[in-house]
Amino acid sequence: MDFALCVFCGAGVGAKPEYAAAARQVGAELGRRGWTLVYGGGHIGLMGVVADAAIAAGARVVGVIPRFLHEREVAHRGLDALEIVASFADRKQRMGELADAFLSLPGGVGTLDELFEAWSWTQAGLQRKPCGMLNVAGYYDELVRFLDRANTDGFISPASRDLLQVATDVSALLDRLAVRA
Ligand code: AMP
C-alpha cells in the first residue's frame, strides 16, 4: 500500500533500551507493510534508529530537516529523499503534507510539539489524518492521565480525545492509523 507515516521521536535514544527497540520495530513494520517513513531527517537518537531500521526493511524514507539543524542533527545520508527547509514551522508543514498519518514515539519537547500540532490540525478539521502515540515502557502514562484530566475538566472534548490513538503494540497501532483521509 502506498501509505506514508510521519514519525515524531526523540533526537536522543532515552534512558531505557526499550525505546530504541520500539523504534527498530516501527522501522521494520513500515518495511513489512511497504509504507513510506516521513521523519525529521536526522541520523541521531531515535530518529536515526527508526530511519536505519526502515531502510534495512526496504521502506522508502523521506527526511525533512531545517537548514540550521543539518549539521547538528547529522542529516541522514542514506535516505530516498532529504528535503531541506528554512524553519521548524516549515518542517512540520512539509511533513504534514507528505504524511497520511502521524505517530509519536518517546521524545522530548520537539516530539511533543510536533504531535500536538498534528493533533490540533485534525481537531480543527484542517486534515482528517489519524494521530497515534506509542506508549513504550509506560513513557507516556502521566501524559495520557493528564489528557484524560483535560477531557474530564472540559478542555479536550471526547471527540477530540478520541482522535489521538494511544497503544503499546506497534502492529495494532499501525493498523488503527492505516486510514487514508
Ligand atoms: P526532541 O523530541 O526534543 O528530542 O526533538 C525531536 C526533533 O524535533 C528534533 O529533530 C528537534 O530538532 C525537532 N524539533 C524541536 N522543536 C521543534 C518544533 N517546534 N517543530 C518541529 N520540530 C522540532
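This report describes the fold, the cores, the ligand site and some single residues of one protein model.

The model is predicted, and for this reason local features need pLDDT of at least 70 and side-chain atom pairs count only at pLDDT 80 or more, while totals for chains, interfaces and linings use all residues. Residues are numbered from 1 along each chain as its sequence is written, and side-chain values use heavy atoms, with hydrogens and water left out.

## Overall fold

The protein has seven helices and seven strands. Helices (H or I, at least four residues) and strands (E, at least two) are DSSP runs, numbered from the N terminus. In sequence order the pattern is β-α-β-α-β-β-α-β-α-β-α-α-β-α.

The C-alpha atoms fill a box of roughly 45 × 35 × 30 Å along the principal axes. The radius of gyration is taken over C-alpha atoms, and the globule rule is 2.2 Å times the number of residues to the power 0.38. For 181 residues, a compact globule would have a value near 16 Å; the protein has 15 Å, which agrees.

Contact means heavy atoms within 4.5 Å. Of the contacts with a separation of 6 or more, 70% are between residues 24 or more positions apart.

Accessible areas come from the Shrake-Rupley method with a 1.4 Å probe, and for residues only the protein chains shown count as cover. The protein exposes about 8,500 Å², and carbon and sulfur atoms supply 53% of this area. A residue is buried under 20% relative accessible area, exposed over 50%, and partly exposed in between (1.4 Å probe, protein chains only). By this rule, 50% of the 181 residues count as buried.

## Nonpolar cores

A nonpolar core is a set of buried Ala, Val, Leu, Ile, Met, Phe, Trp, Tyr and Cys residues joined through side-chain atoms within 4.5 Å. The largest core has 32 residues, and Leu5, Val26, Leu37, Leu103 and Leu134 touch the most other members. Two or more residues of this core come from each of strand E1 (4-8), helix H1 (17-33), strand E2 (36-39), helix H2 (45-56), strand E5 (101-104) and helix H7 (170-177). A second, separate core has 22 residues, including Phe8, Val38, Val85 and Ala150.

Which residues does Val26 contact, leaving aside its neighbours within four places in sequence? They are Val7, Val50, Leu103, Leu105, Leu134 and Val170.

## Ligand site

The ligand is surrounded by 16 residues (each with a heavy atom within 4 Å of it). The closest are Ala11, Glu73, Gly108, Thr111 and Glu114. A polar contact is a pair of N or O atoms within 3.5 Å; within protein, one must be able to donate a hydrogen and the other to accept it, and residues adjacent in sequence count only if both atoms are side-chain atoms. The table gives polar contacts of the ligand.

| Ligand atom | Protein partner | Distance |
|---|---|---|
| Oxygen | Val109, polar backbone atom | 3.3 Å |
| Oxygen | Thr111, side-chain N or O atom | 2.6 Å |
| Nitrogen | Glu114, side-chain N or O atom | 2.9 Å |

On its own the ligand has 490 Å² of accessible area, and the protein covers 82% of this.

## Single residues

Ala137 lies in the loop between strand E6 (131-134) and helix H5 (141-152). Its phi is near 50°, a positive value in a residue other than glycine. Most residues other than glycine have a negative phi. Ala137 counts as partly exposed because its relative accessibility is 39%.

Two residues of the loop between E3 and E4 can be described together. Arg72 lies in the loop between strand E3 (60-66) and strand E4 (81-85), and Glu71 is also placed in the loop between E3 and E4. Arg72 is exposed, with a relative accessible area of 60%, and Glu71 is exposed at 67%. The C-alpha atom of Gly42 is 8.7 Å from that of Arg72 and 9.1 Å from that of Glu71.

Is Asp100, in the loop between helix H3 (88-98) and E5, buried or exposed? Asp100 is buried because its relative accessible area is 16%. Beyond four places in sequence, Asp100 touches residues including Asp2, Phe3, Lys129 and Arg180.

Ser160, in helix H6 (residues 158-162), is buried at 4% relative accessibility. Apart from neighbours within four places in sequence, Ser160 is in contact with Trp119 and Gln123.

Ser120 belongs to helix H4 (residues 109-123) and is partly exposed at 33%. The side chain of Ser120 reaches the backbone oxygen of Glu117 at 2.7 Å.
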